[in-house]
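Biologist: Got a minute to walk me through this one? I'd like the overall picture, then the odd spots.

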Amino acid sequence: MTDRAASSAIGSPAQRRAPLPSLTGLRFLAAMLVFLVHSSLLADPLQPTAPISFFADQDIAQPLADVLRPAGSIGVSFFFVLSGFVLTWSSVPGDRPRAFWRRRALKIYPNHVVTWALAMWLYAAAQTPLHAWLPNLFLVHSFSNRPDTWASVNGPAWTLCSELFFYALFPLFIILVRRIAERRLWLWAGVMVAGVASVPLVTRLIPGGVQTPLFDQSLNQQWFSYAFPPPRLFEFVLGMILARIVAAGLWPRIGLLPSAAVFACGYAAAVAAPDPYDFSLTTIIPVSMVLCASATADLRGDGGWLSSRTMVWLGNVSFGFYLVQGLVIWYGRPEVFGARTFATPVAVLLLIALFLANLLAGWLLYTLVEQPVMRRWSRSGEQQPKGAPRTTPRTDSLAG
């Protein structure tokens, strides 16, 4: 397909909602970044005297932890941009907000409630007060600046609070984003990137708070720049605007390989940058490039390995894979191995085993909870928006 033909096809309503399997594959890579940092920690967040890293050789364990340190925050940022992109790509004019909110609640809450209940049963109930576990259950806990609240129960679930906040505002934002003239899309994308850049600058002005053990900033600063949902809107809305840029055929034909090279440079900058500049600032443009390069490749019929059956399967289970990491890594690893560390060959094998155990747990959550709920109730009682095609592509597998 020629560039001009691709632009024309992308601009049509039917093509805008075409499946983008490479983005499903990218979801797993983002979740894998989070797994790598969680599994390389030198101290367990649940039991600070116990290590998570299997490596006894500190000449390996410490550099590995240092290099992987920004991976989790970058993976989360990738999820937020990807979420805005996919929801905009799959949105249909006339879709009722109530139907949208219902679908998204069914996507998030069942998995969350199951992992929340498991965490409470296994380790959290005895040490989590009511003011923490109750807002955590309803996914409003990241609006609190108390670390014993926003990081409580199942730690990775803090991101769902931001996602739920995005979903609540999406029916309004999609109206505004659709009204942006095509000639101004790049301008507004730049505004969102500038917004991402402003967050660490504002963060440095926030006074007070105890210094965090893992980050070079106070607890209040960490919460505002990382966990507080409103500042993360810049990433989500950027994803929405990028979807329109790709749909309008305005994204330049930059391949996935050069985009990945730029991402590697951004990641290297994140390793060297101080907090909170390493959370998303150094990689926000590279993440956008990888995302749009993958989407346009799919539209040209050239998705490559990211759109393979294996990567799509991994992407489909990635939400569960992400959500069980606190249970499998932070709780399960010390329960099975205690504080023991191992020689490098054994440590590598155990890390692979930990990955497979986490993948199995994520697949079980996807198979036994997420998939049955979405099949049974996600479209029940909904009416097709006026003028929409009778058959709509499945997009829930793309959005976290």
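Biologist: Of the 400 residues of the chain, what percentage count as buried?

Modeller: 54% of them count as buried. Keep in mind that this is a predicted model.

Biologist: And the surface, how much does the chain expose?

Modeller: About 17400 Å². Carbon and sulfur atoms supply 67% of that.

Biologist: How many helices and how many strands?

Modeller: The chain has 18 helices and 0 strands.

Biologist: What share of the contacts comes from residues 24 or more positions apart?

Modeller: 81%, taking the contacts in the chain with a separation of 6 or more.

Biologist: Tell me about H18. How many residues does it have, and how far does it reach?

Modeller: H18 covers residues 344–377, so by count that is 34 residues. From first C-alpha to last it reaches 48 Å. That is close to the 50 Å expected at 1.5 Å a residue.

Biologist: Where is the kink in H18 centred?

Modeller: On Tyr-366, with a kink of about 40°.

Biologist: At what angle do H15 and H18 pack?

Modeller: About 75°, and their axes are 9 Å apart. Angles of 65 to 115 degrees count as roughly perpendicular, so H15 and H18 fall in that class. On the H15 side, the contact is made by Trp-313, Leu-314 and Asn-316. H18 brings Leu-359, Trp-363, Tyr-366 and Glu-370. Tyr-366 is also where the kink in H18 is centred.

Biologist: Now the odd backbone spots. Which peptide bond is cis?

Modeller: The one from Asp-275 to Pro-276 is cis, with omega near 0°. Pro-276 lies in the loop between H13 (256–272) and H14 (284–299). As background, most peptide bonds are trans.

Biologist: What about phi of Leu-139?

Modeller: Phi is near 60° there, a positive value in a residue other than glycine. Most residues other than glycine have a negative phi. Leu-139 is in the loop between H7 (130–137) and H8 (147–150).

Biologist: Is Leu-139 buried or exposed?

Modeller: Leu-139 is buried, because its relative accessible area is 1% and the cut-off for buried is under 20%.

Biologist: And Val-153, what is its phi?

Modeller: About 55°, so positive again, although Val-153 is not a glycine. Val-153 is in the loop between H8 and H9 (158–178). Val-153 is buried too, with a relative accessible area of 7%.

Biologist: Back to the loop between H13 and H14. Where does Thr-283 sit?

Modeller: In that loop, between H13 and H14. Thr-283 is buried, with a relative accessible area of 0%.

Biologist: What does Thr-283 touch?

Modeller: Ile-74, Phe-263, Gly-266 and Tyr-267, not counting residues up to four places away in sequence.

Biologist: How about Val-262, where is that?

Modeller: In helix H13. Val-262 is partly exposed, with a relative accessible area of 33%. Its contacts are Pro-286 and Met-289, leaving aside neighbours within four places in sequence.

Biologist: What separates the C-alpha atoms of Val-262 and Thr-283?

Modeller: 8.6 Å. Along the chain, Val-262 and Thr-283 are 21 residues apart.

Technical notes. Residues numbered from 1 in each chain as written. Predicted model: local features only at pLDDT ≥ 70, side-chain atom pairs only at ≥ 80, totals over all residues. Heavy atoms only, no water. Helix = DSSP H or I, 4+ residues; strand = E, 2+ residues; numbered from the N terminus. Expected span 1.5 Å × (residues − 1). Bend = angle between axes of the 7 residues up to and from the residue. Buried < 20%, exposed > 50% of the residue type's maximum accessible area, 1.4 Å probe, protein only. Contact = heavy atoms within 4.5 Å. Areas by Shrake-Rupley, 256 points an atom, 1.4 Å probe, with all protein chains shown as cover. Axes fitted to C-alpha atoms, helices over the stretch in contact; angles between N-to-C directions. Parallel < 35°, antiparallel > 145°, perpendicular 65-115°, else oblique.
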